[in-house]
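Reader: I would like to go through this model term by term. Please justify each label as we reach it.

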Amino acid sequence: MRKFICFVLASLLALSFAAAAEAFPTAFVLGVDVSELIAQENSGVTYCDADGNAADALKVLADSGVDHIRLRVWNDPTDGEGHGYGGGNIDAGVAAQLSARAAALGMKTLIDFHYSDFWADPSRQLAPKAWAGMGPDEKAEALYDYTREALGLILDAGGDVDMVQVGNEINYGMAGEDDTDIVARLIAEGCRAVKEVAAGRGIEITTCVHLTDITRYSRIGEVLAALQKAGTACDAVGLSYYPYWHGGLEYLDSAVRSIVADWGKAVFVAETAWPFTLEDGDGAGNVIGTDPGLYPVSPEGQAAALCDVCRTAANAGATGVFYWGGIWTPVGRSARKNKALWAQWGSGWATRYAAAYDPDHVEDADGGCAWDNQAMFDFKGRPLAILDAVKQLSEGTLPEGLAAVTVEADMPEDDAVNYVLNPGFEDGDRSMWVAESGVDDIPFDYQDFVNDAHGGTVAFHYWSKADMDFSIRQTVTGLEPGTYRASAWSQGGDMKDAKLTLFVEADGETYEADFMNTSWADWQNPVLDAIPVTGGELTIGIRIRCAALGWGTLDDFSVTRVE
Ligand code: CA
């Protein structure tokens, strides 16, 4: 197995370097999601071209060879009293303006209907307020009507829409439904509406379903089977692929090839990104705040990451790649000053007005941009090296030299046996784990929530209004004498007075590695290497002490033999 992986890695590297001098397909779609642009402009954000002259961000993208924009569309992202929810406040009317502007610059549009009034992703698929209380039949009809109306509005305004996503990251639900067959039926109605609108206007529109979590390909297969059973007129599958969340490029390669081969669908990358800096531009912390490895965190690393994704996707048979959050730059440096702009124009990720609609994710406060370090423009609106790379790709060349920037790919671990039982808590029998609280409050639970899990959907989750002091451990038995390696994965935030420790007890010795959570989904991987074991067993665990309101998850514990 190990030899096989090395062979594949060598082949991929050889391919990369060979491809650097080769042509890149000019028909490949190069898109950028610009959903926040009007909110940004209203907030006073400016952009410039490569010469430093003030310029329309869409014009800079078009001149850089971007041929598609992508726009999410929320049904009604307002509280009904004129306050927007944030994230661009983008409904069909706002999308129509942006799509028309892009069309005037020669760019086509991918419309991304969330069928929600706010963010839809694997952690939430809330039905629009107007659909509250509807059963599946009524909701299917409402979704069909809404799709026809919203798409018609965008086309009437002059938008050049040639792709429509019916739902956003719908692996586990859509529009308040989580039954896969009901979701498939809703998607079938959305696709039918899109096809009818297109036929009525004599244009071609590709219908798309958008999936994420490609490392769980079995789930993708289940959703596509349900869509087929529902007779969905779905032409294409869009995949989210963020290198720091979704495994190495081999996962992307495999998912694209499998969907093309197994389901006969066109495939494209609907979302990807990479940070050019770890600095925060607007006083609102970023989703990726520590170095994820894989590529350098720099403008060149960002360009290299996109080129790698494009190269891998194209080689596997995908039709295009869309970059996410490309224009979502800071509205200003100081969070204190920015708050009024975020609230007024919706240029941050959420306003306090969204809290009533999505209380699980939105606090009673105005949030900023958590993506400014992954935009394609720097904090002052100047285009980054990634747009030079897009230009070369659009002209049919893989940029020379960038492949060499790529650092080692995140290859799957070899087939070393993990001696931890139920290491990711996916199995309902968790009797092998011992979790103890050192204070009266019990802050932890086993949470089935895919966005907080490192692998699978379940993780050991904690949060409390009181100060926390707890541990989780498992004693692993039946170990041959040898040297072992122990590790686990951790993410979380709001750490105050915190001490987080991975520990191992073996042969009467205790080994410890401290680590620290940074922000949501920024996975830490503490490791204890070279632990000698002669007594047949060891205990692996994590102890956490932190002040009230800290939160996080632990997942995928591992004990493997290294020699
Ligand atoms: Ca930020």
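**Labels and their grounds**

Author: Agreed. One caution before the labels: this is a predicted model. Now to a helix pair: helix 4 passes helix 5 in a right-handed crossing.

Reader: What makes helix 4 roughly parallel to helix 5?

Author: The angle. Helix 4 (residues 92-104) and helix 5 (residues 136-156) pack at about 30°, with their axes 8 Å apart. Angles under 35 degrees count as roughly parallel. That makes helix 4 roughly parallel to helix 5.

Reader: Which residues in helix 4 and helix 5 meet?

Author: From helix 4 come Ala92, Gly93, Ala95, Ala96 and Ser99. They meet Ala150, Leu153 and Ile154 in helix 5. By class, this contact has 6 nonpolar residues, 2 polar and no charged.

Reader: Why is helix 6 called oblique to helix 7?

Author: Again, take the angle. The axes of helix 6 and helix 7 (residues 217-229) cross at roughly 55° and come within 8 Å. Roughly parallel needs an angle under 35 degrees, and roughly perpendicular needs 65 to 115. The angle of roughly 55° fits neither. That makes helix 6 oblique to helix 7. The crossing of helix 6 with helix 7 is right-handed.

Reader: Which residues in helix 6 and helix 7 meet?

Author: Helix 6 brings Thr180, Asp181, Ala184 and Ile187. Helix 7 brings Arg219, Glu222, Val223, Ala226, Leu227 and Lys229. The classes are 5 nonpolar, 1 polar and 4 charged residues.

Reader: Stay with helix 6. Why is Arg192 called partly exposed?

Author: Arg192 is in helix 6 (residues 180-201). Its relative accessible area is 36%. Buried means under 20%, and exposed means over 50%. The value for Arg192 falls in between, so Arg192 is partly exposed. One distance for Arg192: its C-alpha is 34 Å from that of Gln40, and the two are 152 residues apart in sequence.

Reader: How do you know that Thr483 counts as buried?

Author: Thr483 lies in strand 15 (residues 482-493). Its relative accessibility is 17%. The cut-off is under 20%, so Thr483 counts as buried.

Reader: Which residues is Thr483 in contact with, leaving aside its neighbours within four places in sequence?

Author: One group is Ala530, Ile531 and Pro532. The others are Thr560, Arg561, Val562 and Glu563.

Reader: What makes Asn89 and Asn422 worth listing for phi?

Author: The sign. Most residues other than glycine have a negative phi. Asn89 has a positive phi of about 45° although it is not a glycine. Phi of Asn422 is positive too, near 45°.

Reader: Where do Asn89 and Asn422 lie?

Author: Both are in loops. Asn89 sits between strand 4 (68-73) and helix 4. Asn422 sits between helix 12 (402-405) and strand 11 (434-437).

Reader: Buried or exposed: how do Asn89 and Asn422 count?

Author: Asn89 has 17% relative accessibility. Asn422 has 13%. Both values are under 20%, so both residues count as buried.

Reader: Now the whole chain. How do you know that its radius of gyration agrees with a compact globule?

Author: Set the value against the rule. With 563 residues, a compact globule would have a radius of gyration near 24 Å. The chain has 24 Å, so the two agree. The C-alpha trace spans about 75 × 55 × 50 Å along its principal axes. Of the residues, 56% count as buried.

Reader: How many helices and strands are there?

Author: There are 12 helices and 20 strands.

Terms used:
Residues are numbered from 1 along each chain as its sequence is written. This is a predicted model: local features need pLDDT of at least 70, side-chain atom pairs count only at pLDDT 80 or more; totals for chains, interfaces and linings use all residues. Side-chain values use heavy atoms; hydrogens and water are left out. Axes are lines fitted to C-alpha atoms, for helices over the stretch in contact, and angles run from 0 to 180 degrees between N-to-C directions. Helices (H or I, at least four residues) and strands (E, at least two) are DSSP runs, numbered from the N terminus. Angles under 35 degrees count as roughly parallel, over 145 as roughly antiparallel, 65 to 115 as roughly perpendicular and the rest as oblique. A crossing is left-handed if the near helix is turned anticlockwise from the far one by less than a right angle, and right-handed if clockwise. Contact means heavy atoms within 4.5 Å. Ala, Val, Leu, Ile, Met, Phe, Trp, Tyr, Cys and Pro count as nonpolar, Asp, Glu, Lys and Arg as charged, and the others, Gly among them, as polar. The radius of gyration is taken over C-alpha atoms; the globule rule is 2.2 Å times the number of residues to the power 0.38. Buried means under 20% relative accessible area, exposed over 50%, partly exposed in between (1.4 Å probe, protein chains only).
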